[in-house]
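Look at the model below before reading on. The report that follows walks through the fold, the contact between chains, the charged pairs and an unusual backbone angle.

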Number of protein chains: 4
Amino acid sequence: MRACHSEAEEHAKVVVQPNKSALMKRLARIEGQVRGIGGMIEADRYCIDVLTQVAAVKSALDAVAMQLLENHMRGCVASAMQQGDATGMVTELIDAVKKIR
Amino acid sequence: MRACHSEAEEHAKVVVQPNKSALMKRLARIEGQVRGIGGMIEADRYCIDVLTQVAAVKSALDAVAMQLLENHMRGCVASAMQQGDATGMVTELIDAVKKIR
Amino acid sequence: MRACHSEAEEHAKVVVQPNKSALMKRLARIEGQVRGIGGMIEADRYCIDVLTQVAAVKSALDAVAMQLLENHMRGCVASAMQQGDATGMVTELIDAVKKIR
Amino acid sequence: MRACHSEAEEHAKVVVQPNKSALMKRLARIEGQVRGIGGMIEADRYCIDVLTQVAAVKSALDAVAMQLLENHMRGCVASAMQQGDATGMVTELIDAVKKIR
């Protein structure tokens, strides 16, 4: 991963994910799964079968989140810590962990 | 909701969700959000911003799951219980709750 | 389980859990585990080891919650549904599922 | 916090939590809450009221876990990263995040 490149302001940070194309493929697959759930509801499929699919998509999103979190720690957080300036990042990271749980 | 209509075999159960079109709209919106996350990764957006979006999609899916669970209890489980035959359904429901957590 | 016995008012409901003594034993064990975590912190144990124990206690509490939920559905909710009056109960149940996730 | 002090072997790591006495107090309170849940079951309290308490304890444990995670990142992980040797720690941390979710 290109080290976390922080531009002029906070919101212009640029991060090339190391496994970028794999991540994009996974998201395309998840998108298809979500479309499939819509199709199940349209086809009047049994509630529990739909719920099972919703659970599968949530798990797939979790796996993506964990990968992003790992990339972030190995890339952005590591860089910041080596520069001795990671206080804000840890707070931000804890907030992210709370959100994705 | 048309009461849970169980056909010949288990896997042919037909359930018209009471709020079917609203649910389909929500899933279409979630599908768009997932596509948006793929776009964020393609655009090298900051990890934490991507994670925040993943968390938002997970919440949206949770809301759909809760709606399906509620429909299921008010429809399928209620019918089965009134017919005094809900033992298997409660087991199935508990399993579903465990999965979607 | 003695069917859900609703007294004068909402908050006086009495429910004898069918596996009452097993549940009490599990809670006593969880109480001991929590005390053990306090001991680990007192003994300056490694953060990750403490976190692993916290995770174990959360899982044990989840199992208790699932058992209570199952008892509730097989007992209280089933009774209410057979009496054709479970609207409030389903709402309450969904709220409980949301909380324990 | 005394920086993460790694002794002879992995499992002998010593970590004095920076807010050690506050953490121990919180765990003592949680221990009391768990005992209270056992008491509610003994007293045949309504399932949903018991579940609400179980949820409260899970939240309290989550808050402890988040505090430990934060301490760990600011202490142990930061030290390891400054020494340029945090690869294993990030893996361990991701595993911990997965467990406590």
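A residue counts as buried when its relative accessible area is under 20%, as exposed when it is over 50%, and as partly exposed in between. By that rule Glu70(D) is partly exposed, because its relative accessible area is 23%. This is a predicted model.

**The fold of chain A**

Chain A has 3 helices and 0 strands. Read from the N terminus, its elements follow the order α-α-α. Of the 101 residues in chain A, 50% are buried. Take the contacts in chain A between residues at least 6 apart in sequence: 49% of them link residues at least 24 apart. The surface that chain A exposes comes to about 4,400 Å². Carbon and sulfur atoms account for 48% of that area.

**Where chain A meets chain B**

How many residues of chain A are in contact with chain B? The count is 44 residues of chain A, and they touch 44 residues of chain B. The size of an interface is often given as the accessible area lost when the parts come together. For chain A and chain B, about 4,300 Å² is buried between them. Carbon and sulfur atoms make up 71% of this buried area.

Polar and charged pairs also cross between the two chains. There are 17 residue pairs in polar contact between chain A and chain B, counting pairs with both residues at pLDDT 80 or more. Which elements of chain A give two or more residues to the side that touches chain B? They are helix H1 (20-42), helix H2 (47-82) and helix H3 (87-100). H2(A) gives the largest share, with 16 residues. Sorted by class, this side of chain A holds 27 nonpolar, 5 polar and 12 charged residues.

**Salt bridges**

Over all chains, the structure holds 20 salt bridges. Between chain A and chain B the count is 6. The table sets out three salt bridges from the structure.

| Pair | Closest N to O distance |
|---|---|
| Arg35(B) and Glu31(A) | 2.6 Å |
| Lys58(A) and Asp62(B) | 2.6 Å |
| Arg74(D) and Glu70(D) | 3.2 Å |

Start with the salt bridge between Arg35(B) and Glu31(A). Arg35(B) sits in helix H1 (residues 20-42) of chain B and Glu31(A) in helix H1 of chain A, so this pair joins two chains. Is each partner buried or partly exposed? Arg35(B) has a relative accessibility of 44%, so it counts as partly exposed. Glu31(A) has 13%, so it counts as buried.

Next comes the salt bridge between Lys58(A) and Asp62(B). Lys58(A) belongs to helix H2 of chain A and Asp62(B) to helix H2 (residues 47-82) of chain B, so this pair also joins two chains. Both Lys58(A) and Asp62(B) are buried.

The third pair lies within chain D. Arg74(D) forms a salt bridge with Glu70(D). What separates these partners along the helix? They are 4 residues apart in helix H2 (residues 47-82) of chain D, which means about one helical turn between them. Arg74(D) is partly exposed, because its relative accessible area is 33%. Glu70(D), at 23%, is partly exposed as well.

Salt bridges can also share partners. Glu31(A), Arg35(A), Glu31(B) and Arg35(B) are joined in this way into one network.

**A positive backbone angle**

Most residues other than glycine have a negative phi, and most peptide bonds are trans. Against that background, which value of phi does Asp44(A) have? Its phi is positive, at about 55 degrees, although Asp44(A) is not a glycine. Asp44(A) is placed in the loop between H1 and H2 of chain A. With a relative accessible area of 15%, Asp44(A) is buried.

Chain B offers a further case. Asp44(B) has a positive phi near 60 degrees, and this residue too is other than glycine. Asp44(B) lies in the loop between H1 and H2 of chain B. Its relative accessible area is 15%, so Asp44(B) is buried.

Note on methods: Residues are numbered from 1 along each chain as its sequence is written. Chains are lettered from A and ligands numbered from 1 in the order in which they are written. This is a predicted model: local features need pLDDT of at least 70, side-chain atom pairs count only at pLDDT 80 or more; totals for chains, interfaces and linings use all residues. Side-chain values use heavy atoms; hydrogens and water are left out. Buried means under 20% relative accessible area, exposed over 50%, partly exposed in between (1.4 Å probe, protein chains only). Contact means heavy atoms within 4.5 Å. Accessible areas come from the Shrake-Rupley method with a 1.4 Å probe; for residues, only the protein chains shown count as cover. Buried area is the accessible area (1.4 Å probe) that two parts lose on being put together, summed over both. A salt bridge is a side-chain nitrogen of Lys or Arg within 4 Å of a carboxyl oxygen of Asp or Glu. A polar contact is a pair of N or O atoms within 3.5 Å; within protein, one must be able to donate a hydrogen and the other to accept it, and residues adjacent in sequence count only if both atoms are side-chain atoms. Ala, Val, Leu, Ile, Met, Phe, Trp, Tyr, Cys and Pro count as nonpolar, Asp, Glu, Lys and Arg as charged, and the others, Gly among them, as polar.
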